[in-house]
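This briefing covers the sheet, the helix packed on it and the nonpolar core. Please read it alongside the sequence and the model.

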Amino acid sequence: MADTQQVDAKADRKAAKLAKQITAFSKAHGGAEGQVAYIGQRGARIALVGEDGNWGNLVAPTYEIAQKAVEKSGITVHEDFDGEFAAKVKTGRYEWSRMAGIQVGGPSND
């Protein structure tokens with residue numbers, strides 16, 4: 001029983017730390033919304049989009065910890081990263097060059 005309590009306490013601390021980071025992001029960007037996605041053995045990704053269009057990601061060790069973190073932070077959580085939610089993301093020149101890669105002036109194998 002003690003091992004379970006230690007694991008639960010550690011998970012609660014991690015969720016609280018992530019919630020604090022989410023809350024700080026939200027305050028810095030005029031509010032925020034998020035989406036939690038399972039990323040396999042690495043855990044879960046918490047995608048955040050601020051009201052100002054800035055965005056960021058956090059990674060939690062488990063999906064459950066990520067869910068606890070967004071619940072504690074009080075942000076709106078979306079099921080999917082699409083539609084109106086995705087349209088809120090502002091991207092700049094850097095993101096477009098990274099997304100385009102080889103197609104837009106990146107290295108060529110020719």
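Four strands form an open sheet in the order S3-S2-S1-S4, with mixed pairing. Strands S3 (55–60) and S4 (76–78) are the edge strands, each with a single partner strand, so one side of each is left without a neighbour in the sheet. From one strand to the next, the twist averages 25°. The model is predicted: local features need pLDDT of at least 70 and side-chain atom pairs count only at pLDDT 80 or more, while totals for chains, interfaces and linings use all residues. Residues are numbered from 1 along each chain as its sequence is written, and side-chain values use heavy atoms, with hydrogens and water left out.

**Terms for the sheet**
- Helices (H or I, at least four residues) and strands (E, at least two) are DSSP runs, numbered from the N terminus.
- Two strands count as paired if DSSP finds at least two bridges between them.

**Strand pairing**
- Strands of a sheet pair through backbone hydrogen bonds, either parallel or antiparallel.
- S1 (residues 32–38) pairs with S2 (residues 44–50) in the antiparallel sense, over seven bridges.
- Gly34 has Leu48 in S2 as its bridge partner, and Gln35 stands opposite Ala47 in S2.
- The hairpin of S1 and S2 has five residues between the strands, and Gly40 there takes a positive phi near 85°.
- S1 and S4 run parallel and are joined by three bridges; Glu33 stands opposite Thr76 in S4.

**Helix on the sheet**
- Helix H2 (residues 63–73) packs on the sheet and touches S1, S2, S3 and S4, where contact means heavy atoms within 4.5 Å.
- The direction of H2 makes about 170° with that of S1; axes are lines fitted to C-alpha atoms, for helices over the stretch in contact, and angles run from 0 to 180 degrees between N-to-C directions.

**Burial and core**
- Six of the seven residues of S1 are buried, meaning under 20% relative accessible area with a 1.4 Å probe, protein chains only.
- The largest nonpolar core (buried Ala, Val, Leu, Ile, Met, Phe, Trp, Tyr and Cys residues joined through side-chain atoms within 4.5 Å) has 17 residues.
- Leu18, Ile22, Ile46 and Leu48 have the most contacts inside this core.
- Helix H1 (2–28), S1, S2, S3 and H2 each supply at least two core residues, and H1 gives the most, with five.
- Beyond its neighbours within four places in sequence, Leu48 contacts residues including Ile22, Phe25, Trp55, Leu58 and Ile75.

Notes
Buried < 20%, exposed > 50% of the residue type's maximum accessible area, 1.4 Å probe, protein only.
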